[in-house]
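Work through the exercises below with the model open. Try each task before reading its solution.

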Amino acid sequence: MQKLVIRGGTALEGEISLPGAKNSALPLLAASVLCKGETFFENCPRLTDVFSACRILTNIGCRCNMKGHTVSVCADSINLSEIPETLMQEMRSSIVFLGALLGRTGSCQVYYPGGCELGPRPIDLHLDALKRMGAKIRRHEGRLDCSAPEGLCGCCIHLKFPSVGATENIMLAAVLAKGETVICNAAREPEICDLADFLRKCGAHIKGDGESTLRIKGTKELHGCIHRIMPDRIAGVTYLSAAAITGGTIKLSGVKNAHMENVLPVLEQAGCRIDRSEDFIYLRSPKRLRSVSRLRTMPHPGFPTDVQAIIMSIMTLADGITVFEENIFESRYRHVDGLIQMGAEICVSGRTAVVSGVKKLYGAHAAATDLRGGAALVIAGLAAEGITEIRQIHHIDRGYEEIEKVLKGAGADIRRIS
């Protein structure tokens, strides 16, 4: 077992270049199943979730190779439409292979996915949409047996919630389906746009990505291409927050500024000075952070649930009180216990967490319980007095490529040990 050991109190300084986005890489890798010929993904992060997706591709017969930050996939020789339970359990996003395999082969067998335990995340939206497109789905002891004996057909699908995963699964199922599929109340996240951009390069007909109505006209076949994965906006917020809580100054390069405009104002309200350009963000933190009165997580373009824990960590040292309202997942306050061990004052009631800023945090031994919660503990440890040790960092490795090396490059005293 590995852990991160952090000696807090050093202000972060320097430049950090953003990697490719985990939340984009995974559906893109699934989408490669639909393509003839070879596909190349540049700027692909080297993460345990990405490695899991590559294992799934190899298991079903694809030729999949990763060299540096480029992944090549050739799906011409797919010979299996079943994904073993062990591989499905490695990550939550594995469910996106359902739409891709069903669209490519007309049948598949998958299991319920794993990933971070953030409370109930039913896949009924995914299954109901695929059924409307003509899929027959039978549940059996945790397995989903799916088939489309007459092929998938486009239709109008209204999502009762703008689920990112459901939108992605419908897109992947629809690009090779007969007729037109219209998704109403579709997810609008930048990762949806990145997936649509890739599929269009491959020959798909998609309009409306980034808007609430998405239209996909089916085509007979797709071809491989070269695609550069969008920068990771959640990692970007993480590293900006690390600079903010330590009183540092940092330049974030390789960004897409527009992707982060739903979070940057929060950092500015906290007292950070932020200068923007098209491809970099420069943050200078104040001597003391200010609280932000209320933050509600909402679907894009609202405040993202993926940065709730990260922003909460910096609010623990802000003057005043910040109220968080989590509206996406039921169990996304599991990082709170670790922050409290470090001296934070946080009161949780249902979906609401009230954070009263304290003067200091103190080093402690804590465990990462999920990906973003683990990152929040790392950020708090950077500002805490003394030594912080964080266990169960396999959760963090799912979404951050060698986080200790990135932070150490900006001056942090952090190391990974066994």
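**Exercise 1. A helix and its surroundings**

Which residues in helix 6 are buried? This is a predicted model. Decide how far the rest of the structure encloses helix 6.

*Solution.*
1. Locate helix 6 at residues 164-174.
2. Apply the cut-off: buried means under 20% relative accessible area.
3. List the residues that pass. They are Ala166, Thr167, Glu168, Asn169, Ile170, Met171, Leu172, Ala173 and Ala174.
4. Draw the conclusion. Nine of the eleven residues are buried, so helix 6 is largely enclosed by the rest of the structure.
5. Check the start of the helix. There, a side-chain oxygen of Ser163 comes to within 3.5 Å of the backbone nitrogen of Gly165.

**Exercise 2. An open sheet**

Work out the strand order of the open sheet of four strands. Then find what packs on the sheet.

*Solution.*
1. Read the order: 23-24-1-25, with mixed pairing.
2. Find the edges. Strand 23 (365-367) and strand 25 (413-417) each have a single partner strand, so one side of each lacks a neighbour in the sheet.
3. Take the twist. On average, neighbouring strands are turned by 20° against each other, direction ignored.
4. Look at one pair. Strand 1 (residues 3-7) runs antiparallel to strand 25, and five bridges join them. Ile6 has Ile414 of strand 25 as its bridge partner.
5. Add the helix. Helix 12 (residues 371-383) packs on the sheet and touches strand 1, strand 23, strand 24 (387-391) and strand 25. Its direction makes about 25° with that of strand 1.

**Exercise 3. One residue in its setting**

Is Val237 buried or exposed? Name the residues that Val237 touches, leaving out those up to four places away in sequence.

*Solution.*
1. Place Val237 in helix 8 (residues 233-246).
2. Test the accessibility. The relative accessible area of Val237 is 3%, so this residue is buried.
3. List the contacts: Met260, Val263, Val307, Ile310 and Ile311.
4. Compare sequence and space for Val237 and Ala25. They are 212 residues apart in sequence and 18 Å apart in space, C-alpha to C-alpha.

**Exercise 4. The whole chain**

Judge how compact the protein is for its length.

*Solution.*
1. Take stock of the secondary structure: 14 helices and 25 strands.
2. Compare the radius of gyration with the globule rule. The value is 21 Å, close to the 22 Å given for 418 residues, so the protein is as compact as a globular protein of that length.
3. Add the burial. Buried residues make up 56% of the 418 residues.
4. Turn to contacts between residues at least 6 apart in sequence. Of these, 72% join residues at least 24 apart.

Methods
Residues numbered from 1 in each chain as written. Predicted model: local features only at pLDDT ≥ 70, side-chain atom pairs only at ≥ 80, totals over all residues. Heavy atoms only, no water. Pairing = 2+ DSSP bridges. Helix = DSSP H or I, 4+ residues; strand = E, 2+ residues; numbered from the N terminus. Axes fitted to C-alpha atoms, helices over the stretch in contact; angles between N-to-C directions. Contact = heavy atoms within 4.5 Å. Buried < 20%, exposed > 50% of the residue type's maximum accessible area, 1.4 Å probe, protein only. Polar contact = N/O pair within 3.5 Å; in protein donor to acceptor, adjacent residues only side chain to side chain. Rg over C-alpha atoms; globule rule 2.2 N^0.38 Å.
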